[in-house]
Every structure is written in C-alpha cells, then in structure tokens.
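Please open the structure in a viewer and keep the sequence beside it. The tour below goes from one selection to the next.

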Amino acid sequence: MFRRVSEKMDWRAVIVGWAAAIVTGILLNLLFEAAHILLFGGEALDAANPTTGVVTISLISGFLAHFAGGYVAGRRARASGGLHGVMVAILGFLFVVVAVAVVSAILLATAGLFLVEGGIPFPSVTLGFAGGALLASLALLVLNLLGGFFGGKMGEWERGPVSTSGGATRTPSE
C-alpha cells in the first residue's frame, strides 16, 4: 500500500504547495487582522490569549491557505491531487511539531544553565495544549487536511496542457 502511495507522490509539488500555503496563510492572516481592527475598533488580536476571534480567524485562514497550497500541489502533480493536498497539510503539521520541539529544547537547555544552579525546578513541557486549546488545534488540523484535500482535487481536475489564456489547448495529434 505504501509503495503505491510513494510511487504516486511528487514531493516537489508538495513542497511548492506548502510554500504557497505559507504565503497565502500569512497574507490571509494580515488581511483578517486588518479587517478585525477596522471593523471592531482598533483592538489587535492577541495570539497569546486565544479568544473566539483568534480561533475563528486561524480556522478560516488555515483552511483557505491549505486549499490554495493543495490546489498548487494538485495542479503541479497533475495526478492524485487530493493526496498531494493532504500531504501539504501533513508537511505543515510536521514542520510545526518539529519547530515547537526544537524551540522548547533550546529554551529548556538555555534556561537550564540559569535555573539549575538557583534550585528552581523545571515545569513539565505541555506545549500549552490543555482543554480548549487542544480541541482548537485538532479542529485546525482537520480543517487544514480538508482544505488541502479539496484544493488538491480542484487542481487535479484541470488536466492537460494549459495555454496562457488559462484554457486547455489541443495537442498536435487532435
């Protein structure tokens, strides 16, 4: 089963789709933040305090960003678009997990130099996932996977050579 999946994978398409998802996510977050400030009176959203607005914006922008990244990956791969779109979301999830682990390890290692001598015990690392934050993170992952899948399917849908006008062109044999 995994052999068939690995034969279908175009990792360049996944990486390009992931880059497109990152750029789209940044632009959407900036756009939603500006709209929130303009509509709701100058209060900037604080990611450290996950309110309903922050969670909602994260869910919507994550879905749309991974939809765009999945579309790019599916379009570039030209086959198995849904699989490529899902892999865009999984690659992003793995990157976040590794980045959090590395940053946590660096913080614990550098803080350890100062805190161990002072006798202050280390708190356990929970990565801030307790209660509602865990549910919001799982919802975000599911929406990112769905966005990548549907975007990849949409990109796969358009097959064949494409002209500069955006329409399919005929091959010389037709």
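In which helix does Leu30 lie? Select Leu30 and follow the backbone on either side: Leu30 lies in helix α2. Keep in mind throughout that this is a predicted model.

**The whole chain**

Zoom out and colour by secondary structure. The protein chain has five helices and zero strands, and reading along the sequence gives the pattern α-α-α-α-α. The chain holds 174 residues, and buried residues make up 22% of them. Switch on a surface: the chain exposes about 11,600 Å², with 72% of that supplied by carbon and sulfur atoms. Of the contacts with a separation of 6 or more, 76% are between residues 24 or more positions apart.

**The segments annotated in UniProt**

Next, select residues 12-32, 52-74, 86-115 and 127-150. An unreviewed UniProt entry gives these ranges the feature "transmembrane region". Look at two of them more closely. Residues 12-32 are 100% helix and 0% strand, with the end C-alpha atoms 30 Å apart. Residues 52-74 are also 100% helix and 0% strand, and here the end C-alpha atoms are 32 Å apart.

**A nonpolar patch on the surface**

Return to Leu30 and add Ile22, Val23, Ile26 and Leu27 to the selection. Together these residues form a nonpolar patch on the surface, with about 480 Å² of accessible area. Is Leu27 buried or exposed? Leu27 is exposed, because its relative accessible area is 55% and the cut-off for exposed is over 50%. Leu27 lies in helix α2, which covers residues 11-40. Leu30 has a relative accessibility of 56% and so counts as exposed. In soluble globular proteins, nonpolar side chains tend to be buried together. While Leu30 is selected, draw a distance to Ser61. The two residues are 31 residues apart along the chain, and their C-alpha atoms are separated by 9.9 Å.

**The largest nonpolar core**

Hide the surface and select Met9, Val14, Trp18, Ala21, Ala73, Met87 and Val88. These seven residues make up the largest nonpolar core. Helix α2 and helix α4 (81-118) each supply at least two residues of this core. The largest share, three residues, comes from α2. Now show what surrounds Met9. Setting aside residues up to four places away in sequence, Met9 touches Val14, Leu83, His84 and Met87.

**Gly69 in helix α3**

Select Gly69, which lies in helix α3. Gly69 has 0% relative accessibility, so it counts as buried. Which residues is Gly69 in contact with, leaving aside its neighbours within four places in sequence? They are Gly17, Ala20, Ala21 and Val88. Of these contacts, Ala21 and Val88 are also listed in the nonpolar core. Draw another distance, this time from Gly69 to Thr24. The residues are 45 residues apart along the chain, and their C-alpha atoms are separated by 7.9 Å.

**The loop between α3 and α4**

Move to the end of helix α3, which covers residues 52-77, and select Arg78 in the loop between α3 and α4. Phi of Arg78 is near 65°, a positive value in a residue other than glycine. Most residues other than glycine have a negative phi. At 38% relative accessibility, Arg78 counts as partly exposed. Then select Ser80, which is found in the loop between α3 and α4. Ser80 has a positive phi of about 50°, although it is not a glycine.

**A salt bridge in helix α5**

For the last stop, select Lys153 and Glu156 and show their side chains. How many salt bridges does the structure hold? It holds one. The side chains of Lys153 and Glu156 meet in a salt bridge, with 3.5 Å from N to O. Side chains of opposite charge can pair when their charged atoms come close. Both Lys153 and Glu156 lie in helix α5 (residues 132-157), three residues apart, about one turn of the helix. Lys153 counts as partly exposed at 40% relative accessibility. Glu156, at 11% relative accessibility, counts as buried, because the cut-off for buried is under 20%.

Notes:
Residues numbered from 1 in each chain as written. Predicted model: local features only at pLDDT ≥ 70, side-chain atom pairs only at ≥ 80, totals over all residues. Heavy atoms only, no water. Helix = DSSP H or I, 4+ residues; strand = E, 2+ residues; numbered from the N terminus. Buried < 20%, exposed > 50% of the residue type's maximum accessible area, 1.4 Å probe, protein only. Contact = heavy atoms within 4.5 Å. Areas by Shrake-Rupley, 256 points an atom, 1.4 Å probe, with all protein chains shown as cover. UniProt positions renumbered as here; feature names shortened; annotations may be inferred. Patch = residues over 30% accessible without salt bridge, like charges linked within 9 Å, V, L, I, M, F, W, Y side chains within 5 Å. Salt bridge = Lys/Arg side-chain N within 4 Å of Asp/Glu carboxyl O. Core = buried A, V, L, I, M, F, W, Y, C linked by side-chain atoms within 4.5 Å.
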